[in-house]
Amino acid sequence: IVVFLIEKSFKFSAAHCLRQQVDTHKCTNVHGHNYTVTVAVQSDDAPKGMVMDCSIIAEAVEPLVDQLDHSNLNDHFDFETTSENLAKWFYDQLEDLSLAWVEVRETPSIKARYWR
């Protein structure tokens, strides 16, 4: 099986708190992250040497990132705003892109990846 894969990353800053943790967990307090969302698109063919023009990925992802940037994520979602759930949300919004996976990084050492 031959698979081509391209990745494009996007950054946004947002606040949130994790409401379902025990009260003593520090993430129950409102705090912020500088998130990086990476979208990976795959294909078994690369016509003209490209899986997809990266501007198509940007057109799909940037409106999502713009709505979250400099906001409180808890105001947007009724789910626990973990990196795992955010990665799934981005994936669900972008399914038309032939995704391999979506990754949400909240710190340099913590990331979550979602795929089907």
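How many salt bridges does the count come to? The count comes to six salt bridges, and several of them are taken up in points 5 to 7 below, after the fold itself has been described.

1. On the model and its overall make-up. This is a predicted model, and the remarks that follow should be read with that in mind. The secondary structure of the protein chain consists of two helices and five strands, which follow one another along the sequence in the pattern β-β-α-β-α-β-β. The C-alpha trace spans about 55 × 25 × 25 Å along its principal axes, and of the 116 residues in the chain, 43% are buried.

2. On the sheet as a whole. The five strands form an open sheet with mixed pairing, and their order across the sheet is S3-S1-S2-S4-S5. Strand S3 (71-72) and strand S5 (110-114) are at the edges, and because each has a single partner strand, one side of each is left without a neighbour in the sheet. As general background, the strands of a sheet pair through backbone hydrogen bonds, in either a parallel or an antiparallel sense.

3. On the pairing of S1, S2 and S4. Strand S1 (residues 4-16) pairs with strand S2 (residues 31-43) in the antiparallel sense, over 13 bridges. Two positions help to trace this pairing in the viewer: glutamate 7 stands opposite alanine 40 in S2, while alanine 14 stands opposite histidine 33 in S2. Strand S2 is also joined to strand S4 (residues 99-107), with which it runs antiparallel, by six bridges. Here valine 41 has leucine 99 in S4 as its bridge partner, and valine 39 stands opposite valine 102 in S4.

4. On S4 and its link to S5. Is S4 largely enclosed by the rest of the structure, or largely open? Seven of the nine residues of S4 are buried, and S4 is therefore largely enclosed by the rest of the structure. Strands S4 and S5 run antiparallel and are joined by five bridges, with a hairpin of two residues leading from S4 to S5. One of the pairs to look for is threonine 107, whose bridge partner in S5 is isoleucine 110.

5. On the salt bridge between S4 and S5. Glutamate 103 forms a salt bridge with arginine 113, in which the closest N and O atoms are 2.7 Å apart. Because glutamate 103 lies in strand S4 and arginine 113 in strand S5, the pair ties together parts that are 10 residues apart in sequence. The two partners differ in their surroundings, since glutamate 103 has a relative accessible area of 7% and is buried, whereas arginine 113, at 40% relative accessibility, counts as partly exposed.

6. On arginine 116 and aspartate 92. The side chains of these two residues meet in a salt bridge, at 2.2 Å from N to O. Arginine 116 lies in the segment after S5 and aspartate 92 in helix H2 (residues 83-93), so the contact ties together parts that are 24 residues apart in sequence. Aspartate 92 counts as partly exposed, at 26% relative accessibility.

7. On arginine 116 and glutamate 95. Arginine 116 also forms a salt bridge with glutamate 95, where the closest N and O atoms are 2.3 Å apart. Glutamate 95 belongs to the loop between H2 and S4 and arginine 116 to the segment after S5, so this pair ties together parts that are 21 residues apart in sequence. With a relative accessible area of 45%, glutamate 95 is partly exposed. Through salt bridges that share partners, Lys88, Asp92, Glu95 and Arg116 are joined into one network.

8. On helix H1. Two residues of this helix give opposite readings of accessibility. Leucine 64 is found in helix H1 and is buried, with a relative accessible area of 11%; its C-alpha is 7.9 Å from that of phenylalanine 90, although the two residues are 26 apart in sequence. Glutamate 59, by contrast, lies in helix H1 (residues 54-68) and counts as exposed, because its relative accessibility is 60%.

9. On surface charge. Which residues form the negative surface patch? The patch is formed by Asp53, Glu59, Glu62, Asp66 and Asp69, and Glu59 is thus the residue already described in point 8 as exposed, at 60% relative accessibility.

Terms used: Residues numbered from 1 in each chain as written. Predicted model: local features only at pLDDT ≥ 70, side-chain atom pairs only at ≥ 80, totals over all residues. Heavy atoms only, no water. Patch = residues over 30% accessible without salt bridge, like charges linked within 9 Å, V, L, I, M, F, W, Y side chains within 5 Å. Areas by Shrake-Rupley, 256 points an atom, 1.4 Å probe, with all protein chains shown as cover. Salt bridge = Lys/Arg side-chain N within 4 Å of Asp/Glu carboxyl O. Lys, Arg positive; Asp, Glu negative; His and termini not counted. Charge placed at Lys NZ, Arg CZ, Asp CG, Glu CD. Helix = DSSP H or I, 4+ residues; strand = E, 2+ residues; numbered from the N terminus. Buried < 20%, exposed > 50% of the residue type's maximum accessible area, 1.4 Å probe, protein only. Pairing = 2+ DSSP bridges.
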